[in-house]
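Subject: Structure handover

Hello,

Here is the structure I promised to pass on. Have a look at it first, and my notes follow below.

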Amino acid sequence: MKNKALTVTLIVLFTALIAFLVWWLFFRKDTAASGTTSDTATGTASSSVTLAKGSTGSAVSELQRRLNTYLSTAQLASLNLPSLNGTTITKLTVDGIFGDKTQAALYWHTGHDTITSEEVYKL
């Protein structure tokens, strides 16, 4: 009798675990798919979004701050700086808007014109 009760208990627990995992995967997928680039990007894999020209939010601000660090270091070391329409970019305005200057600075630093919010925190 004890073996039967133990078996039933294990089956119930296993079923509950599977149900929770399925629910969690669908919930996580819906959250990531509905996430926008405005303040939902926290740098974690579950909420990572691609930042590109036109994106806005805190992840873009963080990208601009980090690119400014590289721009100022390059300027102090007299290295080539990025340019846009013939104008050298020495500093980005940290406004949370991914515009032409942010795109040019990102391409100068990484060789890509887009980046995921997760990658921003690895720069």
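Helices (H or I, at least four residues) and strands (E, at least two) are taken here as DSSP runs, numbered from the N terminus. With that in mind, Gly111, just after helix 3, takes a positive phi of about 85°.

A word on the source: this is a predicted model, in which local features need pLDDT of at least 70 and side-chain atom pairs count only at pLDDT 80 or more, while totals for chains, interfaces and linings use all residues. Residues are numbered from 1 along each chain as its sequence is written, and side-chain values use heavy atoms, with hydrogens and water left out.

The overall picture

There are four helices and four strands in the protein, and from the N terminus on they run α-β-α-β-β-α-β-α. Of its 123 residues, 24% count as buried (under 20% relative accessible area; exposed is over 50%, partly exposed in between; 1.4 Å probe, protein chains only).

The core and helix 3

The largest nonpolar core (buried Ala, Val, Leu, Ile, Met, Phe, Trp, Tyr and Cys residues joined through side-chain atoms within 4.5 Å) has 17 residues, and Leu51 and Leu63 have the most contacts inside it. Helix 2 and helix 3 (100–110) are the elements that give two or more residues to this core, with the largest share, six residues, coming from helix 2.

In helix 3, the buried residues are Thr102, Ala104, Ala105 and Leu106. Their cover includes helix 2, strand 2 (83–84) and strand 4 (115–116).

Glu62

You may like this one. Glu62 lies in helix 2 (residues 58–76) and counts as buried because its relative accessibility is 16%. Its side chain makes a polar contact (a pair of N or O atoms within 3.5 Å; within protein, one must be able to donate a hydrogen and the other to accept it, and residues adjacent in sequence count only if both atoms are side-chain atoms) with the side chain of Arg66, at 2.6 Å. Leaving aside neighbours within four places in sequence, Glu62 is in contact (heavy atoms within 4.5 Å) with Val120 and Tyr121.

Leu13

Which state does Leu13 have, buried or exposed? Leu13, in helix 1 (residues 2–34), counts as exposed because its relative accessibility is 55%.

Do tell me what you make of it.

Best wishes
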